[in-house]
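Reader: Hi! Could you walk me through this one while I have it open on my screen?
Author: Happy to, ask away.

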Amino acid sequence: MSCDFLALANAGIQGLSPYQAGKPIEELERELGISGIVKLASNENPLGPSAAALTACEKAERDLTRYPDANGFELKQAIAEKFSLQPNQLTLGAGSNDVLDLIARVFLSPHASSVFSQYGFVVYPIATQACGARAIVTPAKNWGHDLDAMAAAIAPDTRVVFIANPNNPTGTSLTKTELLKFLRQVPANVVVVLDEAYTEYVNAPDFPNGLALLSEFPNLIVTRTFSKAYGLAGLRVGYAASNVQIADLLNRVRAPFNVNALALAAATATLADDEYLQRSHALNLQGMQQVVDGVTALDLAFIPSVGNFITVEMPSDALPIYQRLLREGVIVRPLVPYGMPKHLRISIGLPDENAKFLSALRRVL
Ligand SMILES: *Cc1c(COP(=O)(O)O)cnc(C)c1O
């Protein structure tokens with residue numbers, strides 16, 4: 001006799017659709033039997049990991065029989081020093097996705113709600129629903145966050161507001177002036193999560209540094225990641241910075257060894273490699289210009305982006321264009337899960353990867 005396990009699952013999880021990741025290169029290779037595939041689908045750093053990270057991994061490999069440092073002492077020390085924080089303000093995660101889940105677990109329940117924007121990062125609705133909480137979604141303004149609408153949408157049961165700055169998948173950003181005005185409006189008992197996954201790429205006037213706002217706003221949590229500009233997406237490491245009491249709560253539900261030994265070592269080493277970060281930043285600016293020029297030449301509209309990706313509007317339904325690009329050996333990201341069926345998100349790659357994408361796009365259109 002079999003059992004309907006779906007009926008046994010927590011209410012929120014019964015209706016949950018899993019996160020749709022970018023298609024892996026190996027999967028497309030298996031499907032098409034071709035090589036030389038270009039993946040511009042997951043906002044990864046096209047430079048490859050920093051040499052410092054590789055050296056640190058080689059050294060850490062010798063101790064793979066040992067559990068990692070459950071408290072991540074060295075990495076926390078390095079983050080705290082670099083950004084003038086205290087180590088006890090930090091919570092490490094297996095990617096910042098992990099800490100977003102920890103935040104949801106600590107503050108959300110079937111008796112609570114979270115607020116986030118239309119076109120906001122898709123992990124926010126997933127983390128909310130997994131906890132059985134109610135999602136309050138505010139309409140976007142020019143594809144970005146409408147902070148006035150978000151402040152107005154906060155309900156008596158709202159415990160968390162999620163804001164990505166810059167936002168993925170739209171590449172839009174908020175100014176420090178806008179953010180400060182919002183933070184001053186939010187009740188002290190509502191946690192504001194400021195997701196700064198792409199902050200290292202941004203060159204925008206009046207762009208805020210969330211870490212510098214922590215002392216003024218005890219209800220603020222800033223999340224950052226080593227997956228993007230720091231080039232370590234495969235290792236899974238990120239963190240939250242917050243006030244000490246929130247960090248203590250997040251660390252209560254964190255799995256003791258959630259960040260593995262190689263990730264700890266590589267993240268600590270990359271954090272000190274300013275030259276790598278500068279190269280990543282410069283390469284992205286140059287590649288962004290190349291892609292902007294290329295899609296402009298094709299007469300396509302795009303959402304101006306301050307991140308390492310750009311979202312481009314196709315002349316028609318984007319899914320068939322995505323499929324045709326796959327057959328050309330180029331993986332980009334369709335945005336159907338975001339309710340943007342005419343858009344594709346393209347991560348900025350190396351110059352020849354960007355060129356390959358642009359010529360494939362020209363052919364398939
Ligand atoms: C990529 C991304 C993250 C983090 O991903 P991790 O690899 O889990 O650190 C978080 N937020 C946004 C908006 C992202 O795009």
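**Charges, fold and strands**

Author: Let's begin with charge: the protein carries 29 positive and 34 negative side chains, and the centres of these two sets are 2 Å apart. Keep in mind that this is a predicted model.

Reader: Good to know. How many helices and strands does the protein have?
Author: There are 14 helices and 13 strands.

Reader: And what are the spans along the principal axes?
Author: The C-alpha trace spans about 60 × 55 × 50 Å. The radius of gyration is 21 Å, which agrees with a compact globule, because a globule of 365 residues would come out near 21 Å.

Reader: What share of the residues is buried?
Author: Buried residues account for 52% of the 365. As for the surface, about 16,300 Å² is accessible, and 53% of that belongs to carbon and sulfur atoms.

Reader: Okay, zooming in. Why is strand β6 described as largely enclosed?
Author: Strand β6 covers residues 191-195, and 5 of its 5 residues are buried, so the rest of the structure largely encloses it.

Reader: Which way do the residues of β6 point?
Author: Val191, Val193 and Asp195 point one way, while Val192 and Leu194 point the other way; all of them are buried.

Reader: In what sense does β6 pair with β5, parallel or antiparallel?
Author: Parallel, over 5 bridges, with β5 running through residues 158-164. One pair to look at is Val160, whose bridge partner in β6 is Val191.

Reader: Switching to helices: which residues of α7 are buried?
Author: In α7, residues 123-130, the buried ones are Val123, Tyr124, Ile126, Ala127 and Thr128.

Reader: What covers them?
Author: The cover includes helix α6 (96-107) and the strands β3 (113-117), β4 (134-138), β5 and β6. So β6 turns up again here, the strand with 5 of 5 residues buried.

Reader: Nice link. Which residue just after α7 has a positive phi?
Author: That is Gly132, with a phi of about 75 degrees.

Reader: Last topic: what is the strand order in the open sheet of 4 strands?
Author: The order is β9-β10-β13-β12, and the pairing is antiparallel. At the edges sit β9 (302-303) and β12 (333-335), each pairing on one side only.

Reader: How many bridges join β12 and β13?
Author: There are 3 bridges, in the antiparallel sense, and β13 takes in residues 340-347. Look for Pro334 there, which stands opposite Leu344 in β13.

Note on methods:
Residues numbered from 1 in each chain as written. Predicted model: local features only at pLDDT ≥ 70, side-chain atom pairs only at ≥ 80, totals over all residues. Heavy atoms only, no water. Helix = DSSP H or I, 4+ residues; strand = E, 2+ residues; numbered from the N terminus. Rg over C-alpha atoms; globule rule 2.2 N^0.38 Å. Buried < 20%, exposed > 50% of the residue type's maximum accessible area, 1.4 Å probe, protein only. Areas by Shrake-Rupley, 256 points an atom, 1.4 Å probe, with all protein chains shown as cover. Lys, Arg positive; Asp, Glu negative; His and termini not counted. Charge placed at Lys NZ, Arg CZ, Asp CG, Glu CD. Pairing = 2+ DSSP bridges. Contact = heavy atoms within 4.5 Å.
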